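Me: Could you walk me through one part of this model in detail, and show how it sits within the whole? I work with cut-offs all day, so please state yours as you go.

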Amino acid sequence: MVRTYFPELTEARSPAAGPSLAKIGGAPWGFPRERWPRCATCGQAQRFLAQFPGGEHLPRLGAEESVYIFKCENETICDFWDPQSGCNRVFLLKHNDLSTGYTQQPPVDYPDPEFGEYTVASWRVFEDPIPATREADFYDAEAFLALPEELAVPHDFDTNQSTKFGGAPYWTGNGVPAEIASDMRVLGQLNSWICTMEHPEDYVEIGNLCFDGIGYLYDQTPEASRPDLRFVISR
Ligand SMILES: [Zn+2]
């Protein structure tokens, strides 16, 4: 069994916002404005996608640091799904290095799509039936295809269960993304579409993750003392 954490998302801004805030969309909390990333292809300011602090759901991070994910939303020309393109960026920042308050998105020259802002109110813990000994099979295309379906896709492609941290990755129908090598590990994943506690039946889009894709936050160096984080979007 491996432990998986599903975020319970609220549309309300947290009154207790601080360095340990976990959220998707809107404005990042504490991100230093001077470090706001630009897209390597179009040069426009990227858009904030999500931030998560270390914790039980993200044990590879220290408790006093947070990961921030950005991507370009200038979808006409930029390979924002590609971790090597420079059209998305992942930052791992110590809480001591954060600014205070929400950081506003710099202006962009293309029609900026409107996405909502969602805060993680709590985490729902799920004991995934995947045996920890089979974890490596999720990172080998052939071994993954050979897994019994109840292990390979315990979520049955349920959109609501495809935004999560911990445990084995829930891949899309295309299986293991080519960018994620067998010695790398996924730390968390974001589905393009989420539901909130206020509207549990209504799906809303958090960003253009190839329309119906899943973004995977992964560690290129899981055996090293410090993580080397990347973000890839797979359909
Ligand atoms: Zn771009």
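What follows is a close look at strand E3 and its surroundings.

Reply: Happy to. This is a predicted model, so local features are reported only at pLDDT of at least 70 and side-chain atom pairs only at pLDDT 80 or more, while totals for chains, interfaces and linings use all residues. Residue numbers start from 1 along each chain, following its sequence as written.

First, the setting. The chain holds two helices and twelve strands; these elements are DSSP runs numbered from the N terminus, with helices (H or I) of at least four residues and strands (E) of at least two. Their order from the N terminus is β-β-β-β-β-β-α-α-β-β-β-β-β-β. For 235 residues, a compact globule would have a radius of gyration near 18 Å, and the chain agrees, with 17 Å. That radius is taken over C-alpha atoms, and the globule rule is 2.2 Å times the number of residues to the power 0.38.

Now to E3 itself, which covers residues 47-53 and has seven of its seven residues buried. Here a residue is buried if 20 or more other C-beta atoms lie within 10 Å of its own, exposed if 12 or fewer, and partly exposed in between, with C-beta atoms placed from the backbone. Over the 235 residues of the chain, the buried share is 38%.

E3 has pairing partners in E2 and E4, where pairing requires at least two bridges found by DSSP. With E2 (residues 23-25) it pairs in the antiparallel sense over two bridges, and with E4 (residues 65-71) it is joined by six bridges, again antiparallel. Gln51 is a handy landmark here: it is the bridge partner of Lys23, and it also stands opposite Tyr68 in E4.

Next to Lys23 in the numbering comes Ile24, which is in contact with Leu49 and Ala50, among others. Contact means that the two C-beta atoms, placed from the backbone, lie within 7 Å. Other contacts of Ile24 include Leu9, Tyr118, Leu190 and Ile206, leaving aside neighbours within four places in sequence.

This leads to the largest nonpolar core, a set of 41 residues in which Ile24, Val67 and Ile69 are among those with the most contacts. Elements giving two or more residues to this core include E3, E4, E6, E8, E11 and E12. Such a core consists of buried Ala, Val, Leu, Ile, Met, Phe, Trp, Tyr and Cys residues joined through C-beta atoms within 7 Å.
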